[in-house]
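Please walk through the model shown here, beginning with a single side chain and moving on to the metal site, the cores and the charged pairs.

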Amino acid sequence: MKKIAPLLTLALLITFNVASQKNTNKPNIIIFMADDMGYQDTGFTGSKDILTPNLDKIAETGVIFEQGYANHPFCAPSRAALLSGRYPYRFGFETNPAYDPANPLMGISPDEKLFPERLQEVGYTTGAIGKWHLGASDKHHPNNRGFDYFYGFLGGGHDYFQIDLTKRVWEAYLQGLVRNKKPASFDGYLTTALSKDAAKFVNDNKDNPFFLYVSYNAPHMPLQAPKADIERYSHIKDRKRRIYAAMVDVMDRGIGEVINALKENEIYENTLIFFLSDNGGPISSAKQPTKGNGSSNKPFRGGKGNFYDGGVHVPFIASWPAKIPAGTYNYPVNSLDISRTIVEVAGANALTSNKMEGVDLIPFVLNKQKDAPHNAIFWRSGSNFSVLDSNGMKHVKDKDSKNSELFNLSNDKSESSNIIESNSERAEELLSKWKEWNKDNIPSNMAGYKGYHKLRDQFYKNAIPKGAKKAKTKE
Ligand code: CA
């Protein structure tokens with residue numbers, strides 16, 4: 001081995017010192033995620049009747065992604081995408097898992113690496129608070145999936161005021177909460193309890209770089225809010241929207257509380273914050289008159305469950321005062337980019353075990369990279385699909401339409417004018433991109449709620465001999 005010249009050794013030492021100094025200066029990172037929130041239900045996206053001053057402040061001092069997309073139009077696959085940093089169809093995660101704490105197969109595969117695991121590898125303390133929805137068995141527990149700390153519930157939602165342990169286990173919304181793996185409860189209103197816990201996490205971890213995933217179930221149904229907050233919105237005539245507005249308002253105040261904790265500990269400037277909704281707001285239709293939660297996805301078409309923009313185009317902002325100047329960003333981005341950006345700024349490895357697919361957005365928002373981050377963004381659900389290119393051309397086969405359609409979002413945000421007949425070549429071109437992308441996907445490998453219960457009943461149908469006596473529960 002060659003001897004290293006003294007001068008070079010000195011240079012190496014200096015480099016090493018700078019590197020380790022940078023290491024101690026790693027940003028804290030927080031993702032706030034709303035559940036089933038409509039695009040136009042924040043001040044910064046144009047809401048006139050719902051107040052979100054804390055989110056608006058983050059937007060004002062940070063970056064508004066005007067074309068920010070969730071990776072699926074409903075809950076669990078969207079979350080699987082965010083936390084793995086990969087299209088969830090790569091690993092067959094295309095439906096919501098049923099709530100089944102005894103079933104190690106009902107949730108995201110433990111073989112799929114989640115990005116907080118990557119952050120742990122470089123010394124981050126990681127916390128998740130709120131809704132999990134990626135499997136309820138011990139294998140899927142957040143503490144076994146990259147989170148040092150968890151407070152919340154493992155199912156897809158929760159009652160905002162009560163826990164009722166006398167209800168059957170599949171009533172996930174009434175199950176107890178857990179703090180790490182121990183039973184936990186909450187006082188008062190759930191959204192406020194989650195926010196308080198998040199602020200406490202910030203206070204407890206202020207001295208080391210942390211990542212915190214604040215996964216609200218608000219404003220997902222059931223529509224419930226404290227009476228006083230609903231009364232503040234008494235000017236909203238529609239009952240659902242009135243309660244929904246109160247739910248969003250309480251969530252916004254909770255986010256304000258977490259921001260205050262960052263400021264009081266003087267770590268706000270070096271904290272990278274993202275906010276988004278996991279999908280668009282559900283809207284009622286003639287077929288499903290009670291589906292809506294009072295949200296507004298305007299100016300977009302459709303809502304939760306649709307590949308039209310109403311289902312996937314969500315409020316999407318980032319802030320990092322020490323690094324990113326205020327502004328807006330116009331090219332399409334998606335939630336895979338959030339996880340990839342986080343892993344890159346943390347100095348973690350995005351390419352080991354299941355390569356992450358998003359792009360690091362920082363060079364783009366700093367205008368160091370001027371081209372579009374994505375050639376195209378893709379979605380899939382059974383035989384339905386969607387592909388959006390960086391020019392705003394979108395080829396979509398939605399569940400609510402018989403045929404596939406082509407829209408130019410750059411001049412038709414509401415997808416009101418299907419131009420597929422006059423642009424069939426363009427549509428084909430997009431479809432071939434989608435087919436190429438789809439080669440790396442596998443079939444859905446999880447039975448959703450309905451399919452799961454049907455399969456379970458079939459499985460056990462012949463297992464119990466006719467005339468068998470019911471087992472005694474106590475000897
Ligand atoms: Ca959702």
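## From one tyrosine to the charged networks

Tyr452 is buried, because its relative accessible area of 10% falls under the 20% cut-off. In this predicted model, Tyr452 belongs to helix H12, which spans residues 449-461. Beyond the residues up to four places away in sequence, Tyr452 touches Ala98, Asp100, Asn103, Met106 and Ala447. Val248, by contrast, is 204 residues from Tyr452 in sequence and 32 Å from it in space, C-alpha to C-alpha.

The calcium ion takes its donors from Asp35, Asp36, Cys75, Asp278 and Asn279, with Asp278 supplying two OD atoms and Cys75 its SG, at 2.2 to 2.6 Å. Along the chain these donor residues follow the spacing D-D-x38-C-x202-D-N. For reference, ideal angles at a metal with six octahedral donors are 90 or 180 degrees. Here the angles among the 6 donor atoms run from 52 to 156°, and the site is irregular. Two of the ligands can be placed by their accessibility: Asp35 is buried at 0%, and Asp36 counts as buried at 2%. Asp35 and Asp278 also take part, together with Arg79 and Lys131, in a network of salt bridges.

Turning to the nonpolar interior, the largest core has 56 residues, and Phe115 is among those with the most contacts inside it, as are Ile31, Phe211 and Ile342. Phe115 is in contact with these three residues and also with Leu82, Leu83, Ser339, Val343 and Met356, leaving aside its neighbours within four places in sequence. A second, separate core has 53 residues, including Ile58, Val214, Ile236 and Met251.

Strands S15 (residues 393-397) and S16 run antiparallel and are joined by 4 bridges, one of which pairs Met393 with Asn408 of S16. Within S16 (residues 405-408), Glu405 and Phe407 point one way while Leu406 and Asn408 point the other, and all are buried.

The structure holds 26 salt bridges. In one of them, the side chains of Arg86 and Glu112 meet at 2.4 Å, N to O; both residues lie in the loop between helices H3 and H4, so the pair ties together parts that are 26 residues apart in sequence. Arg86 and Glu112 are both buried.

Asp249 meets Arg232 in a salt bridge at 3.2 Å, N to O, and since Asp249 lies in helix H7 and Arg232 in helix H6, the pair ties together parts that are 17 residues apart in sequence. Asp249 also forms a salt bridge with Arg253, with the closest N and O atoms 2.7 Å apart; Arg253 and Asp249 are 4 residues apart in helix H7, about one turn of the helix. Asp249 is buried at 3%, whereas Arg232 is partly exposed at 44% and Arg253 is partly exposed at 39%.

Conventions
Residues are numbered from 1 along each chain as its sequence is written. This is a predicted model: local features need pLDDT of at least 70, side-chain atom pairs count only at pLDDT 80 or more; totals for chains, interfaces and linings use all residues. Side-chain values use heavy atoms; hydrogens and water are left out. Helices (H or I, at least four residues) and strands (E, at least two) are DSSP runs, numbered from the N terminus. Buried means under 20% relative accessible area, exposed over 50%, partly exposed in between (1.4 Å probe, protein chains only). Contact means heavy atoms within 4.5 Å. Donors are N, O and S atoms within 2.8 Å of the metal (3.2 Å for Na, K and Ca); water is not among the atoms, so sites may look incomplete. Four donors count as tetrahedral if all angles lie between 85 and 135 degrees; four count as square planar and six as octahedral if opposite donors are over 155 degrees apart and all others between 65 and 115; anything else is irregular. Two strands pair if DSSP finds at least two bridges between them. A nonpolar core is a set of buried Ala, Val, Leu, Ile, Met, Phe, Trp, Tyr and Cys residues joined through side-chain atoms within 4.5 Å. A salt bridge is a side-chain nitrogen of Lys or Arg within 4 Å of a carboxyl oxygen of Asp or Glu.
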